[in-house]
Amino acid sequence: MQTYELRIGTRGSALALAQAHETRSRLMAAHNLPEEAFEIVVITTSGDRILDRPLAEAGGKGLFTKEIEEALLNNRIDIAVHSSKDMPTQLPEGLELSAFLEREDVRDAFIGRQSAILEELPHGAVVGSSSLRRQALIRRIRPDIDVVMFRGNVQTRLRKLDEGQVAGTLLATAGLRRLGLADIITELLPVERFPPAPGQGAICIESRIGDERVKAMLAPIGHATTAAALTCERAFLGSLDGSCRTPLAGYAQIEGDRIVFNGMILTPDGTEVHEIEAEGAINEAAALGAKAGARIREKAGTQFFEGWF
Ligand SMILES: NCc1[nH]cc(CCC(=O)O)c1CC(=O)O
């Protein structure tokens, strides 16, 4: 029987596999181990099966993680590799995010056909996105654009673009780079106008609390400033209940030993926008994010969150 140093759980999508392979490569380098020391275990999740509805409607974020977390808890895998953006703020008892890999580009990318530049699309153009944040951000700057639901993997989206079903779509630059598809990007959207989702661009690794062997193996591949930024962003998300029905953005930037955090919440039509900026010490990342969440909540008022459910 083959014995592995680590069993790595992942979803089977091209992006998820790319992230699992990247994690494996880093572990191989850090521990001077061959590829065979790691088993990659592909796990299908509910999120992979539901393709006909917006995810927020189908039950939200846990959809991409539930079956993988069960495999961790049942000891069928040792670590799970995820996109941080897809991770709920509350993890099942006994599990933790034990490492974050160095963050990729956090920006959203526009992939345009009728125009390379989002803001230069013709009046009334159709843009596809299933992200509530991206939908609201597009409507905010271009209320005339018809934003339609757009799910499926990158290949499906590109086919819909080529067929002319939509004039453009938005995807995370990080994901496209990891898939070797950066060349399809026609515009990199600036974070000031298109602030990213909490966690965007960062791979995280989940493991069992108390599994010290695994934790020690992960230590050399973890990236401290990414971890601080993600801790801040996830605290912001958590303090807003992590409701995936509220379009929101949150981005923490590390400058030396300081964190500069920018948060935003919007109504789905992009007409009402609330922003928050907070700065603090890097070792108070969680408190900073939580406080920014409380302050933006206060700014927006309770009716903001009740308006559209
Ligand atoms: N919700 C899907 C998802 N989760 C993470 C990424 C991209 C990679 C990342 O942000 O790390 C994507 C696709 C996208 O938004 O284009």
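Modeller: Helices (H or I, at least four residues) and strands (E, at least two) are DSSP runs, numbered from the N terminus. Residues are numbered from 1 along each chain as its sequence is written. This is a predicted model, in which local features need pLDDT of at least 70, side-chain atom pairs count only at pLDDT 80 or more, and totals for chains, interfaces and linings use all residues.

Biologist: Where is Asn32 found?

Modeller: Asn32 lies in the loop between helix H1 (14-31) and strand S2 (38-42).

Biologist: Why is Asn32 called exposed?

Modeller: A residue is exposed if 12 or fewer other C-beta atoms lie within 10 Å of its own, buried if 20 or more do, and partly exposed in between, with C-beta atoms placed from the backbone. Asn32 has 7 C-beta neighbours inside 10 Å, and therefore counts as exposed.

Biologist: What is notable about the phi of Asn32?

Modeller: Asn32 has a positive phi of about 55°, although Asn32 is not a glycine. Most residues other than glycine have a negative phi.

Biologist: Why does Asn75 count as exposed?

Modeller: Asn75 has 10 C-beta neighbours inside 10 Å, so Asn75 counts as exposed. Asn75 belongs to the loop between helix H4 (66-73) and strand S3 (79-83), and its phi is positive, near 65°.

Biologist: Which residues surround the ligand?

Modeller: Ser83, Lys85, Asp86, Leu171, Ala172, Ala174, Gly175, Gln200 and Gly201 surround the ligand; a residue is near a molecule if its C-beta atom, placed from the backbone, lies within 6 Å of it. Strand S8 (168-172) and helix H7 (173-178) are the elements that give two or more residues to this shell.
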